[in-house]
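Here is a set of exercises to work through with the model open in your viewer. Try each task before you read its solution.

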Amino acid sequence: MTAVADALTADIDTAAALLASAHDVTLLAHVQPDADALGSALALGIALRRRGASVRVSFAEPDRMPESLRPLDVLGLVVPADEVPAEPEVLVACDTASIGRLGALAGRVSTAGATVLIDHHASNTGFGTHRIVDASVEATAVLAHRVLEAMGEPLDAAIATCLYAGLVTDTVGFRTAGPAAYRLAATLVEAGVQVEPLVRRIMDTHPFEWFAALAGVLGDTALDPDAAAGLGLVHAVVPAALVERFRSEEIDGVIDEIRGTAEAEVAAVLKQVGPRRWSVSMRAKGRIDLAAAAVALGGGGHRNAAGFTREGTPDEVLADLRSALTPDRVSDHNPISAAGG
Ligand code: 5GP
Ligand code: MN
C-alpha cells in the first residue's frame with residue numbers, strides 16, 4: 001500500500017473506533033441531499049442503531065426527505081433539522097465538501113464533541129476532528145462501506161441498499177466506476193439489494209406532467225460552441241415555477257438529458273431557487289476541470305461534476321460561468337472518475 005492509502009486506512013480505523021464506542025450519533029447529509037449523502041448517512045446510522053446507539057440522520061434543507069429516497073430509511077432515523085441536538089455527542093458529515101454545505105446545521109460542527117467528515121469531493125476544504133476524505137473514490141458510499149468494515153459490521157440488505165443507492169447514482173449507473181466499485185456492487189447485491197426497483201424509483205421515475213415541462217426546457221436549451229476554450233457549452237434554464245412544481249428527482253435530472261450534447265464539453269443547468277438566485281449544475285467529459293471552475297464561482301464538486309449557487313440574471317450567471325471555463329482549466333484528457341454528486 002502507498003503511504004496515502006495507509007494514512008486513509010488509519011483514519012478509517014480511528015473513526016470506526018470512535019463510532020463503535022459512541023452512545024449518541026448524529027449523521028448529517030449536505031443540503032439538497034442526494035442518494036450518496038443520505039445513503040451513506042443511513043447505512044452508517046442503521047448499523048449504529050443496531051449496535052444500540054441513539055441515532056438520528058438529518059439535513060438542513062429542504063424540510064422533507066426526497067421522495068424516492070424515503071424507502072432507504074427503514075428504521076425511521078431521519079428527523080427534521082430542528083430536532084438535531086444543539087451539542088451532538090458525535091457528528092458525522094457525509095458527502096459534504098465544505099462546512100457551508102451543511103446549511104443551517106453548519107454550526108453543529110463546532111458544538112459537537114467530535115465531528116467525523118466522510119467525503120470524496122476534489123474540492124473538500126477539510127473540517128472536523130476526524131477526516132476520511134478520498135477524492136479518488138467514486139462515491140462517499142465507498143468510504144462509508146470501509147468504515148462499516150472497520151467496525152466489523154455485517155452488511156444486511158437494508159444497509160447494502162443504502163450504499164448501492166449512493167454508488168449507482170454517483171457513478172451515473174456505473175459508467176464511471178472502477179474495478180473496486182464494481183466489486184463492491186457485487187458484494188452489495190449478494191447482501192440482498194433489489195437493484196431494478198431501487199434504481200427505477202431513484203433514477204427512472206417521473207410524473208407524466210413532467211415530460212411536457214421537460215420538452216419546454218429542452219426546447220430552450222442553447223449551444224455556445226466558443227465557450228470553454230472552444231470545447232463548447234450547452235446550457236438550459238429551469239425557472240422557479242418548475243423548481244417549485246416538481247420534485248428534485250425531476251429538476252436534477254435535466255443535466256443528464258443535455259450532458260450528451262456532442263458539440264459541447266460542458267453542460268450546465270441553471271435552476272432558479274430565488275428571484276435572482278440560481279443553483280447551477282455542471283457536467284464535463286474529462287477535458288476541463290469543473291471543480292476548479294466551480295470553486296472560483298463560490299461552489300465546489302468533482303472534476304467532471306460540479307456546481308455553484310449565484311445571484312443575478314441568467315445571462316449574468318452564464319457570463320460568470322463562461323469566464324470561469326478558462327483555457328488553463330483544460331487538459332488533454334483525464335479519465336472520468338466521480339461524475340455524479
Ligand atoms: P449536482 O449537479 O449533482 O447537484 O452536483 C454536482 C456536484 O457539485 C456535487 O458534488 C455537489 O456537491 C457539487 N455542488 C453542486 N452545487 C453546489 C453548490 O452550490 N455549492 C457547492 N459547494 N457544491 C455544489
Ligand atoms: Mn457523492
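**Exercise 1.** Leaving aside its neighbours within four places in sequence, which residues is S40 in contact with?

*Solution.* Some ground rules come before the steps. This is a predicted model, where local features need pLDDT of at least 70 and side-chain atom pairs count only at pLDDT 80 or more, while totals for chains, interfaces and linings use all residues. Residues are numbered from 1 along each chain as its sequence is written, chains are lettered from A and ligands numbered from 1 in the order in which they are written, and side-chain values use heavy atoms, with hydrogens and water left out.

- Step 1: find S40 in helix α2, residues 35-50. Helices (H or I, at least four residues) and strands (E, at least two) are DSSP runs, numbered from the N terminus.
- Step 2: look for contacts, meaning heavy atoms within 4.5 Å. With those close neighbours set aside, S40 touches A35, C94, T140, A141 and A144.
- Step 3: check the accessibility. S40 has a relative accessible area of 1%, and buried means under 20%, exposed over 50%, partly exposed in between (1.4 Å probe, protein chains only). So S40 is buried.

**Exercise 2.** Work out why helix α4 counts as largely enclosed by the rest of the structure.

*Solution.*

- Step 1: take the helix, residues 140-150, and count: eight of its eleven residues are buried, so the rest of the structure largely encloses α4.
- Step 2: name them. The buried set is T140, A141, V142, L143, A144, H145, V147 and L148.
- Step 3: see what does the covering. The cover includes α1 (3-21), α2, β4 (114-119), β5 (130-133), α5 (157-170) and α6 (179-190).
- Step 4: step off the end of the helix. Just after α4, G152 has a positive phi of about 75°.

**Exercise 3.** Decide how the buried residues of α8 and of α13 are arranged around each helix axis.

*Solution.* A reminder to start with: an α-helix has 3.6 residues a turn, so residues three or four places apart point the same way.

- Step 1: in α8 (residues 208-219), pick out the buried W210, A213, L214 and V217. They span an arc of only 105° around the axis, which puts them on the same side of α8; the arc is that of the directions from the helix axis to the C-beta atoms.
- Step 2: turn to the other side of α8, where F208, A212 and G219 are exposed.
- Step 3: list the packing partners of the buried side of α8: β7 (233-238), α9 (240-245), α10 (248-251) and α11 (254-258).
- Step 4: repeat for α13 (residues 314-324), whose buried residues are V317, L318, L321 and A324. Their arc is within 120° seen down the axis, so they line one face of the helix.
- Step 5: on the face of α13 turned away from its buried side, find the exposed D315 and S323. The buried residues of α13 pack against β7, β8, β9, α12 (290-296) and β11.

**Exercise 4.** Is V269 buried or exposed, and which residues does it touch?

*Solution.*

- Step 1: place V269 in strand β8, residues 266-274.
- Step 2: read off its relative accessibility of 1%, which makes V269 buried.
- Step 3: collect its contacts, not counting residues up to four places away in sequence: A236, V238, V254, I255, I258, S279, V280 and S281.
- Step 4: try E244 in helix α9 as another case. With a relative accessible area of 66%, E244 is exposed.

**Exercise 5.** Which residues are closest to ligand 1, and which strand gives the most to its shell?

*Solution.*

- Step 1: count the shell, using residues with a heavy atom within 4 Å. There are 14 around ligand 1, and the closest are H121, S281, R283, G307 and T309.
- Step 2: sort by strand. β9 (277-283), β10 (300-301) and β11 (305-311) each supply at least two residues, and β11 gives the most, with five.
- Step 3: look at polar side-chain atoms and their distances to an oxygen atom of ligand 1. R101 has one at 3.2 Å, R283 one at 2.9 Å and H302 one at 3.4 Å.
- Step 4: finish with coverage. The protein covers 84% of the 490 Å² of accessible area that ligand 1 has on its own (Shrake-Rupley method, 1.4 Å probe).

Terms used. Polar contact = N/O pair within 3.5 Å; in protein donor to acceptor, adjacent residues only side chain to side chain.
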